[in-house]
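Q: Hey, can you walk me through a structure? I'm new to this.
A: Sure, here it is.

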Amino acid sequence: MNIAGSVVVITGGGSGIGAAMARRFATEGAAHVVVSDRDAAAAQAVAREIGGHAVAADAAQEYQTRALIEWTESHCGPIDLFCANAGVTAHGGVELPDAQWQRLWQVNVMAHVHAARELVPRMTQRGRGHLLFTASAAGLLSQFDAPYAVTKHAAVALAEWLSITHGDQGLGVSCLCPQGVDTPMLRAEDDTRRELMSQGLLSADAVADAVVRGLAAGDFLILPHPEVADYMRRRADDHPRWLRSMRRLHAQANGG
């Protein structure tokens, strides 16, 4: 996936990793960068900065994702790279009400489904196109909060399925799985969690650099924190031990 000359769409592009990717893609020579965010002012600010386009849309709503794709292909041309980057979190476990679980499911999973539903037929018909899902290391390992861990696992599984099913039809798929990144989502955590999640903390710009490298290499898993691959191996090699270590981490996060 070469960025130069490409048409790129980024959801959740008004801040954090999404904004950093928008800036980096513009630097890499993308023909058009469409910055989408439900915060219209944030999307417009990033788009002005890079000479891109801003489209206000809530990634949780399928009709808005469809409209975003239609607008881009009508005004900018066929989408080469769609970055399904918008994400939300919620603190807690199974005790959280269904409404909170559903909100995370809609943004962290179904937004990817909606984008793929619209774009896979177009991209496979053209024989080219790339989907990038921002998941998390939580989608490969786990995390303190059940809805976030569960939905990010689902996002990884969906990306795998798309690659398995359509990878021989010209569709590229990548899954971005960072650990701690200095974004508004991390800054909103309490002091204890923020400290635990800040080990090996990267800037959003560093993550965007990793994305460009990973896309150029054709990587499925893009791991800005390379140690995540080691953690995955440890998890597979000795699952009971890994669960014990995660229990200790969970206890620390909750003041234990």
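Q: What stands opposite C83 in strand 5?
A: L132 does. Strand 5 covers residues 130-134, runs parallel to strand 4 and is joined to strand 4 by 4 bridges. Strands are DSSP runs of E, at least two residues, and helices are runs of H or I, at least four residues, both numbered from the N terminus. Two strands pair if DSSP finds at least two bridges between them.

Q: How does the chain cross from strand 4 to strand 5?
A: Through helix 4 (residues 98-126), in a right-handed β-α-β crossover. Right-handed means that, with the strands pointing away from the viewer, the path from the first strand over the helix to the second runs clockwise.

Q: Wait, is this model predicted, or what?
A: Yes, predicted: local features need pLDDT of at least 70 and side-chain atom pairs 80 or more, while totals for chains, interfaces and linings use all residues. Residues are numbered from 1 along each chain as its sequence is written, and side-chain values use heavy atoms, leaving out hydrogens and water.

Q: Which way do the side chains of strand 4 point?
A: L81 and C83 point one way, F82 and A84 the other, and all are buried (under 20% relative accessible area with a 1.4 Å probe, protein chains only; over 50% is exposed, in between partly exposed).

Q: New topic: how many disulfides are there?
A: 0 in the whole structure, counting a pair of cysteine sulfur atoms within 2.5 Å.

Q: Why is C76 not bonded to C83?
A: Because their sulfurs are 14 Å apart, too far for a bond, even though C83 has the closest cysteine sulfur.
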